[in-house]
Amino acid sequence: MNGATFFLAVNFIIAISFSLVFAVVSTRSRSRSAALWFAAGFAVASLSAICELLVAYTALTRFWAIGAFATVLGGMILLRIGIGDLYGRKSNLPFAICFLVACTILDVLIYNLPRGTVLHAFSYQTPFALVVLASAFAVLSSARRLAIDRALGGLLLVTGLHFFGKAGMAVLAGAGTTARDYIHTNYALISQSSTAVLMVAVGLTLLSVLVLEIMADERSNSEQDALSGLANRRGFENGVKAAISMAPNVRHAVIICDLDHFKSINDTYGHHGGDLVIRAFGELLKTSATKTTVVGRIGGEEFGVFMPNTTIEMALIFAQALRAGTMGIRISALPPSFTVTASFGVAELASGGELADAMRNADAALYEAKRTGRNCVKQAHPGFPPSGSIRVVK
């Protein structure tokens, strides 16, 4: 076994391994279709190694040489479709099929040209370069801007350009007199090894993108309350910290709200009825909040609202709107006469203030709202805790 044959065997094993890994990852990834395209792409591309070996060791040289070209190109096209699916740059499938057929016909037409000439080398390598460069463009022009995405785009760009480098090397170093000679040349050794390294890098980077997505989804799930659809306490606190870090030198507002007489709701209508109320109130919070507002269920029937870069006056208006909206909640499974109410405590987080203090102030204002009759909004003045620092907002 010479060096080129060894790398062909290695490339086959690598491609099949990637195909299996992407198939497994597809079962957990939100980008399932992209992962399956990647699995199919590496599976098809793996066939080229078999074709290259059959070129050297069987009589059907022409057939297997064209097969090697078509399987590599076909695999790359499938990867391009998957990348387009992942990065919002959908491929035109009929065009992709026509491109594969046209390029395969081109390979048939140039088969008898002298190998190692400029015309043959660049005609052979250009289709590969175009597909990979199209993939690079899909990544680099997408809205995704994470470091891993930029790294993938750059790697695809280098891989695409390297096919032009291979064409130049074929002209300078020679690629064998016939297709059967290719596997015994130094060019084949360099070509197979360089392509193997780059495709492994591309495969690992694509895999990293999908794995990071899965990790982000798992983190999101761990920070989400399944019943209300809002952030849970951990997710709320992390969201608030992120919002403060984006605007650390301005005032913010915190609202803590609590559904009134919730135990009575559970006792009267069962836990299913209570769940329906939680879900309906969570939906009210979601639809009422702005994109920058952080909303979460921080306790059984207690909810938190963090309004970045918001004055206490605006927060009070928002809390009053939520109070009115709560009274308008209607749940089909509960009697028409059933009315939901909630109490609200509002506090300001001044520039440079401590979030924990603002949360305690809002919680104390909520407690006062509950103590003095419920279904109202109360504001904690700056410098709370002492008595007399809470104001009822009618």
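**Close-up 1. E223, a buried residue with a charged partner.** In this predicted model, E223 counts as buried, because its relative accessibility is 14% and the cut-off for buried is under 20%. Look for R234 as its partner: the two form a salt bridge, with the closest N and O atoms 4.0 Å apart. This pair links distant parts of the chain, eleven residues apart. E223 sits in the loop between α7 (186-222) and α8 (233-246), while R234 belongs to helix α8 itself.

**Close-up 2. D260 and K370, a salt bridge between a loop and a helix.** Here the closest N and O atoms of the salt bridge are 3.0 Å apart. D260 lies in the loop that runs between β1 (252-259) and α9 (262-288). Its partner K370 is found in helix α11 (residues 355-371), so you will need to follow the chain for a while: the two are 110 residues apart. Both D260 and K370 are buried.

**Close-up 3. E283 and K286, neighbours along helix α9.** Both residues of this pair lie in helix α9. They are three residues apart, about one turn of the helix. Their side chains meet in a salt bridge, at 3.6 Å from N to O. How accessible is E283? At 40% relative accessibility, E283 counts as partly exposed. K286 also has a relative accessibility of 40% and counts as partly exposed.

**Close-up 4. A network of salt bridges.** Which residues are joined into one network by salt bridges that share partners? They are R30, R144, D149, E213 and D217. For the wider picture, the count of salt bridges comes to 16.

**Close-up 5. Helices α3 and α4, packed with their axes crossing.** The last view turns to a pair of helices. Helix α3 covers residues 61-86 and helix α4 covers residues 93-110. Their axes come within 10 Å and cross at roughly 155°. Angles over 145 degrees count as roughly antiparallel, which is why α3 is described as roughly antiparallel to α4. The crossing of the two helices is right-handed. On the α3 side, the residues that meet α4 include R62, F69, L73 and I81. On the α4 side, L93, F99, L100 and V108 are among those that meet α3. By class, the contact of α3 with α4 has 13 nonpolar, two polar and two charged residues.

Note on methods. Residues are numbered from 1 along each chain as its sequence is written. This is a predicted model: local features need pLDDT of at least 70, side-chain atom pairs count only at pLDDT 80 or more; totals for chains, interfaces and linings use all residues. Side-chain values use heavy atoms; hydrogens and water are left out. Helices (H or I, at least four residues) and strands (E, at least two) are DSSP runs, numbered from the N terminus. Buried means under 20% relative accessible area, exposed over 50%, partly exposed in between (1.4 Å probe, protein chains only). Axes are lines fitted to C-alpha atoms, for helices over the stretch in contact, and angles run from 0 to 180 degrees between N-to-C directions. Angles under 35 degrees count as roughly parallel, over 145 as roughly antiparallel, 65 to 115 as roughly perpendicular and the rest as oblique. A crossing is left-handed if the near helix is turned anticlockwise from the far one by less than a right angle, and right-handed if clockwise. Contact means heavy atoms within 4.5 Å. Ala, Val, Leu, Ile, Met, Phe, Trp, Tyr, Cys and Pro count as nonpolar, Asp, Glu, Lys and Arg as charged, and the others, Gly among them, as polar.
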